[in-house]
Amino acid sequence: MSQTDPNSEVCESSILITVSIRKGVIMENTRLLLLFLFFSINLLPPTLAIWLTLPSSGTKCVSEEIQNNVVVLADYVLVPDDHTLSPTLAVKVTSPYGNNLHHKENTTHGNFAFTTQETGNYLACFWVDSGNQKGGDVSVNLDWKIGIAAKDWDSVAKKEKIEGVELELRKLEGAVEAIHENLLYLKGREAEMRIVSEKTNGRVAWFSLMSLGICIAVSVLQLWHLKRFFQKKKLI
């Protein structure tokens with residue numbers, strides 16, 4: 001007649017519980033990783049594909065606030081509404097301080113690329129050339145890529161000989177770095193705005209106190225003047 005050792009049953013139960021806990025922890029970590037990757041992908045700087053309708057006379061501009069040391073790539077192509085005409089356009093891209101980054105005339109398509117040296121609004125303006133303003137409206141397709149979206153991942157994969165999951169992980173690493181830089185930039189902007197707000201509040205407070213002091217002084221002078229006036233007239 002066989003007997004079961006209670007200690008062995010307790011050990012087996014402990015092992016099963018430990019394995020179950022480890023599986024639960026692994027599954028929870030996997031869920032957190034998937035959520036992190038999902039939000040990282042959604043927070044990637046998007047590729048801006050924009051359609052602009054240009055009138056026969058006039059200018060339309062696109063602006064984007066970009067921080068310092070960011071790669072910008074853009075392609076544009078002219079699509080006339082009336083295909084019997086052959087209009088051309090002019091393009092000018094300027095930095096926040098007015099520096100000319102790209103200027104081209106009498107063209108139907110082109111591209112520009114630069115690395116930002118200043119933080120602020122970068123402006124891209126399009127207009128129909130003066131010699132082609134007799135036709136109707138024209139459309140311009142602008143494909144604007146910023147930061148991580150402008151990186152040539154095919155060249156990176158060939159240069160570093162990576163592919164598949166490793167390449168996707170490299171993309172996610174770049175996305176995380178871009179998000180971190182954006183968060184630092186927003187944090188710096190928030191600190192600047194807070195300093196400006198505090199200075200403005202201090203100035204408003206001093207202006208209010210000064211205004212109140214001036215009002216009190218003017219009131220005292222008015223009372224003094226009225227008292228002297230009535231004394232001279234011997235009314236009081």
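How many of the six residues of β4 are buried? Five of them are, and β4 is therefore a mostly covered strand by the cut-off that buried means under 20% relative accessible area. The model shown here is predicted, and the paragraphs below start with the whole chain before returning to this strand.

The chain contains three helices and eight strands. Following the sequence from its start, the order is α-β-β-β-β-β-β-β-β-α-α. The chain has 236 residues, and 23% of them count as buried. It exposes about 17,300 Å², with 60% of that area supplied by carbon and sulfur atoms. Contacts in the chain can also be sorted by distance along the sequence. Among those between residues at least 6 apart in sequence, 75% join residues at least 24 apart.

Now to the partners of β4, which spans residues 89-94. β4 pairs with β5 in the antiparallel sense, over five bridges. In this pairing, Val 93 stands opposite His 102 of β5. The two strands form a hairpin, with five residues between them. One residue in the turn is Gly 98, whose phi is positive, at about 85°. β4 also pairs with β7, which covers residues 120-128. This pairing is antiparallel and has six bridges. Here Ala 90 of β4 has Trp 127 in β7 as its bridge partner.

The loop between β3 (71-80) and β4 holds Pro 87. Is Pro 87 buried or exposed? Its relative accessible area is 10%, which is under the 20% cut-off, so Pro 87 is buried. Pro 87 also shows how the sequence and the fold can be read side by side. Pro 87 and Val 138 are 51 residues apart in sequence, while their C-alpha atoms are 8.1 Å apart in space.

Two asparagines deserve a look for their backbone angles. Asn 69 is not a glycine, yet its phi is positive, at about 60°. Asn 69 sits in the loop between β2 (59-66) and β3. Its relative accessibility is 61%, and because exposed means over 50%, Asn 69 counts as exposed. The other asparagine, Asn 106, belongs to strand β5, residues 100-107. Asn 106 has a positive phi near 50° and is likewise a residue other than glycine. With a relative accessibility of 56%, Asn 106 also counts as exposed.

Asn 106 leads back to the starting point, as its strand, β5, is the one that forms a hairpin with β4.

Terms used: Residues are numbered from 1 along each chain as its sequence is written. This is a predicted model: local features need pLDDT of at least 70, side-chain atom pairs count only at pLDDT 80 or more; totals for chains, interfaces and linings use all residues. Side-chain values use heavy atoms; hydrogens and water are left out. Helices (H or I, at least four residues) and strands (E, at least two) are DSSP runs, numbered from the N terminus. Buried means under 20% relative accessible area, exposed over 50%, partly exposed in between (1.4 Å probe, protein chains only). Contact means heavy atoms within 4.5 Å. Accessible areas come from the Shrake-Rupley method with a 1.4 Å probe; for residues, only the protein chains shown count as cover. Two strands pair if DSSP finds at least two bridges between them.
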